[in-house]
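This report describes selected local features of one protein model. The sequence and the coordinates are shown first, and the description follows.

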Amino acid sequence: MIVYKNTSKGFIDDVESNVIDTRIKEAFLSSFNRKKVNDKEETSWSNSMQFMGNVIRKANVADDCGILIEYNLPSTSLRVDFIISGRDENNRSSFIIVELKQWKEAESTKKDGVVKTPYHPYDTHPSYQAFSYKLFLKDYNQAIYNSNIQVFSCAYLHNYMEKNPEPLKDNIYKKIVNDSPIYFKKDQKQLEHFIKKYVGNGKGENILYQIENGNIKPSKKLIDHISSLFQGNSAFILLDDQKIAFETAKDIALNSKGNGKTVVIINGGPGTGKSVVSMNLLGSLIKKGKNAIFVAPNASFRSVMADKLTKQHNNRVQFLLKGSSSFYGARKNTFDVLIVDEAHRLKNDRAFMYKGKNQVEDIINAARVSIFFIDEKQIIRPEDIGTINEICRIAEQNSAEVHRVDLHAQFRCTGAEGYVNWINDVLHIEETGNYDGWDNQDFDFKIFDDPNALRKAIKVKAKNGFDARILAGYAWKWTSAKVGNANSQIDDVTIPEYNFSMPWNSRQVGSTWAIDKSGIDQVGCVHTSQGLEFDYVGIIIGNDLQFNFVTKEYFTNWNDYKDSKGKEGLKKNPDELNSLVRNVYRILFTRGMKGCYVCFVNKETKKYFKERLNTTV
């Protein structure tokens, strides 16, 4: 989708007539069906386009260069600030992506492509942003990669006075800045020369047409790249019924014909390998030339999956992994296949920042084939609507053919299916045959009286080379970043009687907390660990999970559960609230592959667990 399109002459006329911001605003409201525009965005158009008008005029490019403003990258929510197209000095078709920023200051970080600004704790480096947009178009726009159109990228910070040394040119950003140069306030002449060199000979309107109308399909280069990432990657080996589920879903996806819709539901509990199957499907379907996308509601889960796939910061993978809110407003059948992992966390209109009504509906609308991986017992908030019944309801509305596959074999918790069954039983989630424990002694489960001893045990595991983390239920407040807690500065998780305190996971580290070295000194919540696995986990069970020996039931006091979104609308429905809390703990209890160490705040709950283990230790 394009908001503003013109020739370079028409653009300059609009700037000099002082109507450019009005034209962009009118087109934006019409294109995105909005009633108003964010004040900050409108101001940025007014300021930045005056600068760009001056640059294009002084660059003395041909009148028939093409200009795009606020170009929406197909099948994403991302918008490119500015594109100019034309022919270079050797008469080759080219276009330049220009990322515009009104920043006046920034700080470097130790993270490739990431900076700090006064506006956000972390921001994408402008050169990286421009480069990633370029890479997307070269990888996915069939007209661009088939026509050998040259694509260049740069960033222009027209309000920014370059420092000495300049943080945005720090060594960690050297490679990306060399590829996509960054221009500051005093660099207008250099930007003019850059634009003149690559697009100055004009005839850019046909290039704009190809950008706008090219089919979105992975290029051979992208297919080869993604295939190489899966080859020999031990993290994605398929076993037993994982292989059956994979081959079944792949066959359905590849043989789905016409404009009719197909829905596949793959149901499995924790540790059955849903994510292994889903990632293998992504690689296999892309290799077959399908426009396939991996979808997950949880940002932490997506980040760790990307790390497992690439083992490094990888630009080309990011566009293959999307959040579940990305498909609101998407055109029907934009994608060949959407592969939705953790589908139980799909949202309704109560979800923060989501503008639609039903993410299941968005996804089925956007794809010819939708594959949902689901475990209904991992629903943890009232806004989570990803149930089998809901998926089937939306599928029926769309006249979709529905297939169901079940995963049973346990591959997490050292294959201790009995342990997972015991957790389901002891949490009163599902009655199983494992009332007082399990037979497999390979899984290391311990109950600690002192949280300090639990912390020490987990740190020893981490020191010995195991992936280990401490997790907790949301039974403690989480001090906001606004009062100095952006990077785990405040120890919110406290148990005073044992002189124990730790901070929640860092907001600055964000979605990569599970693989960040600093994570061992912080407590992770369910949102940073759901869908992931560690060798060992230490679980702190707070007062949000209490047991009543008279009624033989669990209960949750409203004030003891601190997840405001997780308990929204449930003050008068304590049974549903407690059910969600027990689902949270089921998720935490099943994150460890080799062991789980547990400490209880509530003495009655600890007593019940010990009784159910048939032990007094």
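## A buried asparagine and a β-α-β unit

In this predicted model, asparagine 485 is located in the loop that links strand 17 (468-472) and strand 18 (493-495). With a relative accessible area of 3%, asparagine 485 falls under the 20% cut-off and is therefore buried. Leaving aside residues up to four places away in sequence, asparagine 485 is in contact with Trp478, Thr479, Ser480, Ile490, Asp492 and Arg507. The side chain of asparagine 485 also forms a polar contact with the backbone nitrogen of isoleucine 490, at 3.0 Å.

A second region is built from strand 13, helix 13 and strand 14, which together form a right-handed β-α-β unit. At the start of helix 13, the backbone nitrogen of valine 360 has a side-chain oxygen of asparagine 358 within 2.9 Å. Helix 13 (residues 359-366) is mostly covered, with 6 of its 8 residues buried; these are Gln359, Val360, Asp362, Ile363, Ile364 and Ala366. They pack against strand 10 (262-268), strand 11 (292-295), strand 13 (335-340), strand 14 (367-374) and helix 14 (388-397).

Strand 14 is largely enclosed by the rest of the structure, because 7 of its 8 residues are buried. Its pairings with strand 10 and strand 13 are set out below.

| Strand paired with strand 14 | Sense | Bridges | Residue pair |
|---|---|---|---|
| Strand 10 | parallel | 6 bridges | valine 264 and isoleucine 371 |
| Strand 13 | parallel | 5 bridges | valine 337 and valine 369 |

Notes:
Residues numbered from 1 in each chain as written. Predicted model: local features only at pLDDT ≥ 70, side-chain atom pairs only at ≥ 80, totals over all residues. Heavy atoms only, no water. Helix = DSSP H or I, 4+ residues; strand = E, 2+ residues; numbered from the N terminus. Buried < 20%, exposed > 50% of the residue type's maximum accessible area, 1.4 Å probe, protein only. Polar contact = N/O pair within 3.5 Å; in protein donor to acceptor, adjacent residues only side chain to side chain. Contact = heavy atoms within 4.5 Å. Pairing = 2+ DSSP bridges. Right-handed = clockwise from strand over helix to strand, strands pointing away.
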